[in-house]
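Welcome, and please get your viewer ready. This tour goes from one selection to the next and tells you what to look for at each stop.

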Amino acid sequence: MKLVSNYLDTLESESIYIFREIYGQFKKPVLLFSGGKDSTLLIHLARKALFPANSPFPLLHIDTGHNFKEALDFRDELVSKFGFKLIVRKVEDTIKEKNLVDSTGKFPSRNILQSITLLDAINEFGFDACIGGGRRDEEKARAKERIFSIRDKNGAWQPYNQRPELWKLFNGKINKGENVRVFPISNWSELDVWNYILREKIELPSLYFAHDRECINFNGKLIAVSDFINLDENDIIEKKKVRYRTVGDMTCTAAIESEAANIEQVIDEIASSNISERGETRIDDQFSDAAMEDRKLQGYF
Amino acid sequence: MDILRFITAGSIDDGKSTLIGRLLYDIGQIKSDVIQSVSKSNKAVNTINLAHITDGLRSEREQGITIDIAYKYFTTPNRKYIITDAPGHFQYTKNLVTGASEVDAMIILIDANNGITEQTRRHSLVASFLNIPNVLVAINKMDDVAYSEEQFTSIKNQYLVIAEKLKLQNISFFPISALLGDNVNLASSNMIWYKDNTLMQCLETINAKITNNHITRFSVQCVIETKNFEKGFAGKLISGNLKIGDSIEINPERKSAIIKNIIIGKSYKNEAMAGDDICLYFENSIEAKRGDLISKSANDSPLLFSNKLETTLCWLNEEKQLQSGEEYLLRINSFETKCSITSILHKIDIQSFEKNTEKNLSGINDFLGVIIETAEEISYDPFSILPETGCGILIDLKTNYTSAAFIIEK
């Protein structure tokens, strides 16, 4: 009889249970993969949940075209190592096909456009469940979302009419045209993710560890110099020792100055940090008080 | 380090969100950018609106109320805490039930100015319905009543009457001020008459829920097939234990099988314990399917089989009334079958907690005694014997909305 459980075992068990529910309930689930630590953790948990079978979930990458090269390389290595099916759909193609206006400005963000590409891909393949690495501790709108989050025919979240979700009875029943976003690591914090990565020896893109990079300082945030952002004469390019706390688009993800070269050092750094994960690294959340809620209403995961 | 899940419940403006904000703030686990953002969205300059830390939706911040549950997390060297901040309004009780279903403790807030309200009764009824193992009654806004011991004791005594009627377990009482921090994390110097634990000290020491007893129950979530065509049956060992060679019964079909292999995580094991996520293999290619409930053939408490269940049910669908005779999809663990409510026995009266047998008993958030008849025979345990195999939901066949939660009485 196990009287005292380890919190990481409890979190792992909850996630495995959710993955098995996904496999048991849906006909066409897909795993949304970004190359970041959270979706990499999802792959690890999916493989554990369905061992000895290989993970049956294809990976869907919504490619904004503003990727870190290291994240793409990591994605391709992971896919060939485990033999996953990878589907890539490009925001660039959506813009061309639908004659949309690409974003402009100093840091052109395709954050809103990528929801359109995602919804198109869901329709194209008929996915009934999209598995995402969203965590409730990341952001205040995410903190309110169910583990099985029903999206209507337009892919929109209905925050004021969420289904009751009791016990472990996740209700994934939907009508045609609707889909479910499932968040198996809802209850994990950033530190939980890292402690588990340490315990399970999960490989991550090199971006998460300290490296030299050319950056500009924009309102106190370090943005990597890349072809995707537009520099002006006031920008001063500096070489900094940095790492990424989150991996998103190069246009909206800030680096942090860091000497943390391995997982243990990253854990120490986060534990002593006085600023939240998204607060420190995302410039897209800070436009308004409800930026994430608004994106979710438009189909964002 | 283990995990403790708790929920805060109370009437509107009793200070639930403020209490959570206070706990997080005092423990030092609100990050500086979050403090900045809640200060920004509050009109009063230079004060932190502790409630805005959990009110994550725009309408909640605009209206200053909590509509749906929010989850927050913090850790102490001892525990990881998962907090559910639940709405106080009557109309959002369905969200409270959602948030409370898996917790180890419920904190019920009572405003010291107002005492026990109908919502206090309703939340206590939810705690009783879900059999929540610890109830912490926090009498808040003690600063408004001059930290009066008399006021605290009077409310405490009134609440004990409710607790006895509802058979609530492990009740403790705390005189607090969430706004000012008295007896939340640190002992209050304003109430030297109170000598017991602070709320946080109590949370650090109460037991997390453990499901385990002599009954062996395993629920099949999915079938895992590999290239050599051998099928494994994956799911959670809800209670008890299983080992290789055990004779088991697959229910409700009542098929017998012998365990050949057990996989936990990525390793082959000889035995599994309650809580393990396992994959089972049977001798002689015996098969099970999603929804099956597995018990041991010998020395196990027998499962019950029936297609007629006496239940207590909480109605959760605002858009539709509960209709006697209407068809629903019933779900217990991963087992599903069509069913209908064939008889409404009574409604639980919120004032007296007595069973009221008058008709017209089908509103949202009501607790009702009903008979559910299922299309297929189901296997189960009464909720009082093993909660995990004795509770379920009813799903609307047209909208798929989770319309009711029920526990099986017998």
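A residue is called buried here if 20 or more other C-beta atoms lie within 10 Å of its own, and exposed if 12 or fewer do. Keep in mind that you are looking at a predicted model.

**Stop 1: chain B as a whole.** Select chain B and colour by burial: buried residues make up 48% of its 410 residues. Switch to a cartoon view, and the secondary structure of chain B comes to seven helices and 22 strands. If you draw a contact map, count the contacts in chain B with a separation of 6 or more: 69% of them join residues 24 or more positions apart.

**Stop 2: where the chains meet.** Now show both chains. Chain A brings 48 residues to the contact, and chain B brings 52 residues. Highlight helix 1 (residues 7-25) of chain A, which provides nine residues, the largest share of the side of chain A that touches chain B. Coloured by class, that side of chain A shows 22 nonpolar, 13 polar and 13 charged residues.

**Stop 3: the two domains of chain A.** Hide chain B for a moment. Select 7-191 + 290-297 for domain 1 of chain A, and 204-285 for domain 2. Their C-alpha centres lie 24 Å apart. How many residues of each domain are in contact with the other? Domain 1 of chain A contributes 24 residues and domain 2 of chain A contributes 23 residues. On the domain 1 side, helix 2 (37-49), helix 3 (69-82), helix 6 (190-200) and helix 9 (291-297) of chain A each supply at least two residues. Helix 3 of chain A has the largest share of that side, with three residues. By class, the domain 1 side divides into eight nonpolar, nine polar and seven charged residues.

**Stop 4: a β-α-β unit.** Stay with helix 3 of chain A and add strands 2 and 3 of chain A: together they make a right-handed β-α-β unit. Strand 2 (residues 59-63) and strand 3 (residues 86-90) of chain A pair in the parallel sense over five bridges. Label D63(A), and you will find K90(A) of strand 3 standing opposite.

**Stop 5: the nonpolar core.** Bring chain B back. The largest nonpolar core has 175 residues, and L31(A), I131(A), A100(B), M106(B), A138(B) and I139(B) have the most contacts inside it. Centre the view on I131(A): leaving aside neighbours within four places in sequence, its contacts include I22(A), L31(A), L42(A), F57(A) and V182(A). P29(A) and P184(A) are also among the contacts of I131(A).

**Stop 6: two cis peptide bonds.** Zoom in on F51(A) and P52(A), joined by a cis peptide bond with omega of about 10°. P52(A) sits in the loop between helix 2 and strand 2 of chain A. Then go to N251(B) and P252(B), where a cis peptide bond also has omega of about 10°. P252(B) belongs to the loop between strand 10 (247-251) and strand 11 (255-264) of chain B.

**Stop 7: two positive phi values.** Select K201(A), a residue other than glycine with phi near 55°. K201(A) is in the loop between helix 6 and strand 7 (211-218) of chain A. Is K201(A) buried or exposed? K201(A) counts as exposed because there are 8 C-beta neighbours inside 10 Å. Finish at N333(B), another residue other than glycine, with phi near 50°. N333(B) lies in the loop between strand 17 (327-332) and strand 18 (335-348) of chain B. With 25 C-beta neighbours inside 10 Å, N333(B) counts as buried.

Notes: Residues are numbered from 1 along each chain as its sequence is written. Chains are lettered from A and ligands numbered from 1 in the order in which they are written. This is a predicted model: local features need pLDDT of at least 70, side-chain atom pairs count only at pLDDT 80 or more; totals for chains, interfaces and linings use all residues. Two residues are in contact if their C-beta atoms, placed from the backbone, lie within 7 Å. Helices (H or I, at least four residues) and strands (E, at least two) are DSSP runs, numbered from the N terminus. Ala, Val, Leu, Ile, Met, Phe, Trp, Tyr, Cys and Pro count as nonpolar, Asp, Glu, Lys and Arg as charged, and the others, Gly among them, as polar. Domain bounds come from an automatic or database domain assignment. Two strands pair if DSSP finds at least two bridges between them. A crossover is right-handed if, with the strands pointing away from the viewer, the path from the first strand over the helix to the second runs clockwise. A nonpolar core is a set of buried Ala, Val, Leu, Ile, Met, Phe, Trp, Tyr and Cys residues joined through C-beta atoms within 7 Å.
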